[in-house]
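Reader: Could you take me closely through a single part of this structure, and then into what lies beyond it? Please state the cut-off behind each term as you go.

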Number of protein chains: 2
Amino acid sequence: MTKVTKGANRRATINDVARAAQVSRQTVSNVVNRPDRVAPDTRARVEAEIERLAYRPSSAAKSLREQRAGAVGLELNTLGHGRRGDIIYSFTVELSIGARGHDCHIVTFGSDSDRPSITGYEAMVRARLVDAFVLADTHHDDPRPAWLDKAGIPYATFGRVWDAPDFTGWADVDGAAGTSAAVDHLVAEGYSRVGFLGWPEGSATGDDRRRGWREACERHGIYRESLQASTIQELHPAEEAAAPLIEAVGTGGAIVCVSDVIALAVQQVLLQSGRRPGIDLGITGFDGSPLAEMNDISSVEQPLDQIADELLSQISDRLAGQPLPEQGTLLTPTFVPRASSRRGVEHA
Amino acid sequence: MTKVTKGANRRATINDVARAAQVSRQTVSNVVNRPDRVAPDTRARVEAEIERLAYRPSSAAKSLREQRAGAVGLELNTLGHGRRGDIIYSFTVELSIGARGHDCHIVTFGSDSDRPSITGYEAMVRARLVDAFVLADTHHDDPRPAWLDKAGIPYATFGRVWDAPDFTGWADVDGAAGTSAAVDHLVAEGYSRVGFLGWPEGSATGDDRRRGWREACERHGIYRESLQASTIQELHPAEEAAAPLIEAVGTGGAIVCVSDVIALAVQQVLLQSGRRPGIDLGITGFDGSPLAEMNDISSVEQPLDQIADELLSQISDRLAGQPLPEQGTLLTPTFVPRASSRRGVEHA
DNA sequence: CGCGAGCGTTTGAACGTTCACAGCCACGGC
DNA sequence: GCCGTGGCTGTGAACGTTCAAACGCTCGCG
């Protein structure tokens, strides 16, 4: 007797509703999918039964019939935290929330290998588990776009695809607008010199954020006093790069950082030298990660909900046979001020 | 002409394989699911065709026939980061990786409301999108276990269910073993007094970790010199609680923290007073979060891959009709030493 | 030599849905 | 009064899979 007794009472099917409402199953289907084709009183009767029996179409049956999974795949890997400054989780959440509105759902799959490979994608496609993918961390020499193109699987990416400038199926954050807003805020708070601590040149995202800082400084007429340095997305190297920049900007100055991790490094160095964030030196980060929130660091928050929604819309369009959009979607982030960039507020 | 031309060449079905291998579809099905029932040469022929045609059973058809989704639901919410110290993402990844081995997949769904409600669960169940759930953050007065029990939906939880001591469908980390290992390490490194900074009493997880610290201190005969304090899982309150404890333990002492966030708070306070982690005061955290890694804080790393695997196994068993296990599964975490608890190593 | 058992294979049915089309009815124009 | 039309509802088929049962073959036994 190892057989399962499937949940006390079997869930209602379209036939149960049809029988209860004294119509055929097709009429029930129409009520759900093409309400306009059904006479008002019939519709009301069917809708009442749907409600009463708590009927919801079986996604498996629908998938089989429609030859589509109604699902979008998302690869999660253990590298996720490093890249994109720790917001991958929030992005995954927003995607999961947004999926309901696009009547699909998110299926995650993982790869434990270091380099993301296409085997996971292939498995998903072959099992017809998903119709499309969201790529969250495209990088240089990424094999995935080409493979997906060849296989004819639609996808949309969070961030531009470096190797393929012609590809427009992306949504991204306007990095320049973000750092620009940070500089505006710092100037308004009265910081006189504004430095920038970025990634080494050559990363599109990093260069974009640097440009926003430079342009804003020029606009405020403080560019000549400003300085920049570069580092990679790790705490210790960042701390080494931070120290001289802090001295160069001096007390009463501020540093706009290319990411929250870098901003944290700056704050650490500052604290070790006995100075107070905000009061002695302004600091802003980028990404709106929990890291920044926890450490009371001002940050440029990415509109992840909008990005998720945009990507899902694009995927819907691709699945409906529409061509790629004219151009990618650039969304404006929000600057969130915290103690690290307020001169008057004591940093707890 | 908005109709989609579905990916150049339709993917192979069981019938295509059957025709190519000159057998019936059921024989192909047997080769895949019950290879022992098929004659060796037939099997070889069929397997060759499966390989050649890149056949993989359609999950939709399988779901419909077997009346099960072959999927496990996981709720992700925006609160995730705060709770469980930021390891939710890593847990999600491990679950996604582990799913393949249990031939199922993970479907995530989100709730944007603050309090986790059961509406998301209900939607998943009604659409037959998932067969079971993993609950990652059960808490006091959690309505979900009772609702799932009533609905007859299996689930397994990461962490014990407070309100239901009889429920054994959980996997958790042996918190006491973790803090105990931390104390062992600190004593071996030569720290003489070991304090504990925990959460307020009454949380099972927190009390467990505190007990491990106390028992290890007793074992090493240093309990009388040890001290404890309590705080909540937020940076600023933690910093306030940390300051007096740091003074009480004194230079050459160490503090075992109930979480990485708390450990970070201790390190921040220490740095602000010009002292060096590890050298002047030992610090250990708990969770193995990226936060600890980035800040070079020793931590007790949770075996998330094992937990994910165990939970998926339990779900498989429940779906196969087996009863709840005798007791929950307690897994041993690993202590990972870093600069914050090495007396000789300079903290960069 | 007949018969049951066992093995490997095939066949029919079913899972729940939607599409294409057929049917029914009422209405209006000729 | 007949037929075409348009609005609404019902019927058969199909999506790809697995289960239950039937089938044909070989073998061993009486």
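Author: What follows begins at the DNA and then moves to a group of strands and two single residues.

This is a predicted model, in which local features need pLDDT of at least 70 and side-chain atom pairs count only at pLDDT 80 or more, whereas totals for chains, interfaces and linings use all residues. Residues are numbered from 1 along each chain as its sequence is written, chains are lettered from A and ligands numbered from 1 in the order in which they are written, and side-chain values use heavy atoms, with hydrogens and water left out.

The surface near DNA strand C (near meaning that a heavy atom of the residue lies within 4 Å of the strand) is made of 26 residues, of which I14(A), Q26(A), R65(A), T27(B) and T42(B) come nearest. Of the atoms of this DNA strand within 4 Å of the protein, 56% belong to sugar or phosphate, and the rest to bases. Several polar contacts can be named here, the term meaning a pair of N or O atoms within 3.5 Å, where within protein one must be able to donate a hydrogen and the other to accept it, and residues adjacent in sequence count only if both atoms are side-chain atoms. A backbone N or O atom of I14(A) is 2.5 Å from a phosphate oxygen of DNA strand C, a polar side-chain atom of N33(A) is 2.8 Å from a phosphate oxygen of that strand, and a polar backbone atom of A39(B) lies 3.0 Å from a phosphate oxygen of it. Helix 2 (25–33) and helix 4 (59–66) of chain A, together with helix 2 (25–33) and helix 4 (59–66) of chain B, are the elements that give two or more residues to this surface; helices (H or I, at least four residues) and strands (E, at least two) are DSSP runs, numbered from the N terminus. By class, the surface has 8 nonpolar, 10 polar and 8 charged residues, where Ala, Val, Leu, Ile, Met, Phe, Trp, Tyr, Cys and Pro count as nonpolar, Asp, Glu, Lys and Arg as charged, and the others, Gly among them, as polar.

Around DNA strand D there are 25 residues, with S24(A), T42(A), I14(B), Q26(B) and R65(B) coming nearest, and 59% of the strand's atoms within 4 Å of the protein belong to sugar or phosphate. A side-chain N or O atom of R25(B) lies 3.1 Å from a base oxygen of DNA strand D, while side-chain N or O atoms of N33(B) and Y55(B) lie 2.9 Å and 2.8 Å from a phosphate oxygen of DNA strand D, respectively. The elements giving two or more residues to the surface near DNA strand D are helix 2 and helix 4 of chain A and helix 2 and helix 4 of chain B.

Beyond the DNA, strand 1 (residues 71–77) of chain A runs parallel to strand 3 of chain A, joined to it by 3 bridges, and two strands count as paired if DSSP finds at least two bridges between them. Because 7 of its 7 residues are buried, strand 1 of chain A is largely enclosed by the rest of the structure, buried meaning under 20% relative accessible area, exposed over 50%, and partly exposed in between (1.4 Å probe, protein chains only). Strand 1 of chain A is also joined by 7 bridges to strand 2 (residues 105–111) of chain A, again in parallel, with A71(A) opposite H105(A).

Strand 3 (residues 132–135) of chain A is covered on both faces, with A132(A) and V134(A) buried on one side and F133(A) and L135(A) buried on the other. G73(A) stands opposite F133(A), and the bridge partner of F133(A) in strand 4 of chain A is Y155(A). From strand 3 the chain passes through helix 7 (residues 144–151) of chain A to strand 4 of chain A in a right-handed β-α-β crossover, that is, with the strands pointing away from the viewer, the path from the first strand over the helix to the second runs clockwise.

Within strand 3 of chain A, V134(A) has a relative accessible area of 1% and is therefore buried. Leaving out residues up to four places away in sequence, V134(A) touches V72(A), G73(A), L74(A), F91(A), L95(A), A156(A), L311(A) and I315(A), contact meaning heavy atoms within 4.5 Å.

Q268(A), in helix 11 (residues 260–272) of chain A, counts as buried at 2% relative accessibility, and a polar contact of 2.5 Å joins its side chain to that of N295(B).
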